[in-house]
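The following exercises are to be worked with the sequence and the three-dimensional model at hand. Each task is followed by a solution in steps.

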Amino acid sequence: MKALFLPEASDYIGGSPNESLSLCKPASQSPFLQGLQQEAKKHHLPISVGVHEPSDNPTSKRIKNTLLWINANGEITHRYQKLHLFDLEMENGPNMRESTTIEPGDEILPPFDSPVGKLGAMICFDLRFPEIALALKRQKADVLLYPSAFMPTTGKAHWLPLLRARAIECTSYVIAAAQVGAHNEKRSSYGHSIVIDPWGEVVAELGGEKTDEPEVVFADIDFEKLRSVRRALPLKRRTDVYPEV
Ligand SMILES: O=C(O)CNC(=O)[C@H](CS)NC(=O)CCC(=O)C(=O)O
């Protein structure tokens, strides 16, 4: 059983807020998504993909940043809308204001079954908020998804330790497919797509030498490993002392 995991914003990364808005299409009118749906069906391969989608409010000047699950019949069966938006203001750049173009979601998508385990959906900047990962783990997620387009500056400093921490503290697999290289004059992404096991060990990663080229990496999800780590390290929370998330 296999599944394909693609990054955040796999449809496009705009060079400006206006470009991002103007390129946005509903799923039913997106040639990119329709292509993926056909391929999913043809190869019987479920696909997780991050895209942009229009707001439900037709007068909104913002769009949604979503993660879609396309099942092996080519149908979109799950949709998570990014909760935390990336606003960054460093003294000498880079700056980023995702909240000007993106409308935040307001719910956690309950983990859902897939051929590669029960999946918990998050997107990129959500990685910095352990509460959402812990809530998904509590709802029985086996695998945490962080499709991303991390910035090179923050990526170098934070990508790996944050992802390993989420895997270790949730005793869960982490799959983080990431955008890589230059998108336009202003934007480029850190890359380093990675799969981490529930013990915190990196089982597959991209990056290495040619960090700027698109690549694919394969990894196995070992359910016996998942069970044995959780058995050995039960992490019983003191929700009598602090609130459960
Ligand atoms: O803009 C798009 O179309 C796609 N979305 C993104 O690239 C988003 C928002 S700008 N990137 C991040 O959240 C990076 C977070 C990050 O780098 C960090 O947390 O350090």
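**Exercise 1.** Which residue in S4 is the bridge partner of Ile 70? Describe then the pairing and the connection of the two strands concerned.

*Solution.* The model is a predicted one.
Step 1. Ile 70 belongs to strand S3, which comprises residues 63-70. Its bridge partner in S4 is Ile 76.
Step 2. A second pair in the ladder is Trp 69 with His 78 in S4.
Step 3. Taken over the whole ladder, S3 and S4 are antiparallel and share five bridges.
Step 4. The connection is a hairpin with five residues between the strands. Gly 74, in the turn, has a positive phi of about 85 degrees.

**Exercise 2.** In what order do the four strands of the open sheet lie, and why is one side of S1 and of S4 left without a neighbour?

*Solution.* Step 1. The order is S1-S2-S3-S4, and the pairing within this open sheet is mixed.
Step 2. S1 (4-5) and S4 (76-81) stand at the edges; each has a single partner strand, so one side of each lacks a neighbour in the sheet.
Step 3. As background, strands of a sheet pair through backbone hydrogen bonds, in a parallel or an antiparallel manner.

**Exercise 3.** How many bridges join S12 to S13, and which residue in the turn has a positive phi?

*Solution.* Step 1. Strand S12 (residues 194-196) and strand S13 (residues 202-205) run antiparallel and are joined by three bridges.
Step 2. Within this pair, Val 202 of S13 stands opposite Ile 196.
Step 3. Five residues lie between the two strands of this hairpin, and Gly 200 in the turn has a positive phi of about 95 degrees.

**Exercise 4.** Where do Pro 94 and Lys 140 lie, and what marks the backbone there?

*Solution.* Step 1. The reference case is that most residues other than glycine have a negative phi and most peptide bonds are trans.
Step 2. Pro 94 is placed in the loop between strand S5 (87-89) and strand S6 (95-97). The peptide bond joining Gly 93 and Pro 94 is cis, with omega about -5 degrees.
Step 3. Lys 140 is found in the loop between helix H4 (130-138) and strand S8 (143-145). Although not a glycine, Lys 140 has a positive phi of about 80 degrees.

**Exercise 5.** Which residues are closest to the ligand, and what polar contacts does the ligand have?

*Solution.* Step 1. The ligand is surrounded by 16 residues, the closest being His 52, Lys 82, Arg 128, Thr 154 and Arg 187.
Step 2. By class, this shell has eight nonpolar, three polar and five charged residues.
Step 3. Ligand oxygen atoms lie 2.9 Å from a side-chain N or O atom of Lys 82, 2.9 Å from a backbone N or O atom of Met 151, and 2.6 Å from a polar side-chain atom of Thr 154.
Step 4. The ligand alone exposes 490 Å², of which the protein buries 96%.
Step 5. The space taken by the ligand is the second largest pocket.

Notes. Residues are numbered from 1 along each chain as its sequence is written. This is a predicted model: local features need pLDDT of at least 70, side-chain atom pairs count only at pLDDT 80 or more; totals for chains, interfaces and linings use all residues. Side-chain values use heavy atoms; hydrogens and water are left out. A residue is near a molecule or strand if one of its heavy atoms lies within 4 Å of it. A polar contact is a pair of N or O atoms within 3.5 Å; within protein, one must be able to donate a hydrogen and the other to accept it, and residues adjacent in sequence count only if both atoms are side-chain atoms. Accessible areas come from the Shrake-Rupley method with a 1.4 Å probe; for residues, only the protein chains shown count as cover. On a 1 Å grid over the protein atoms alone, a cavity is a set of points where a 1.4 Å probe fits but cannot get out, and a pocket is an open set with protein on both sides within 12 Å along at least five of seven lines; lining residues have an atom within 4 Å of a point. A molecule sits in a cavity or pocket if more than half of its atoms lie within 2 Å of its grid points. Ala, Val, Leu, Ile, Met, Phe, Trp, Tyr, Cys and Pro count as nonpolar, Asp, Glu, Lys and Arg as charged, and the others, Gly among them, as polar. Two strands pair if DSSP finds at least two bridges between them.
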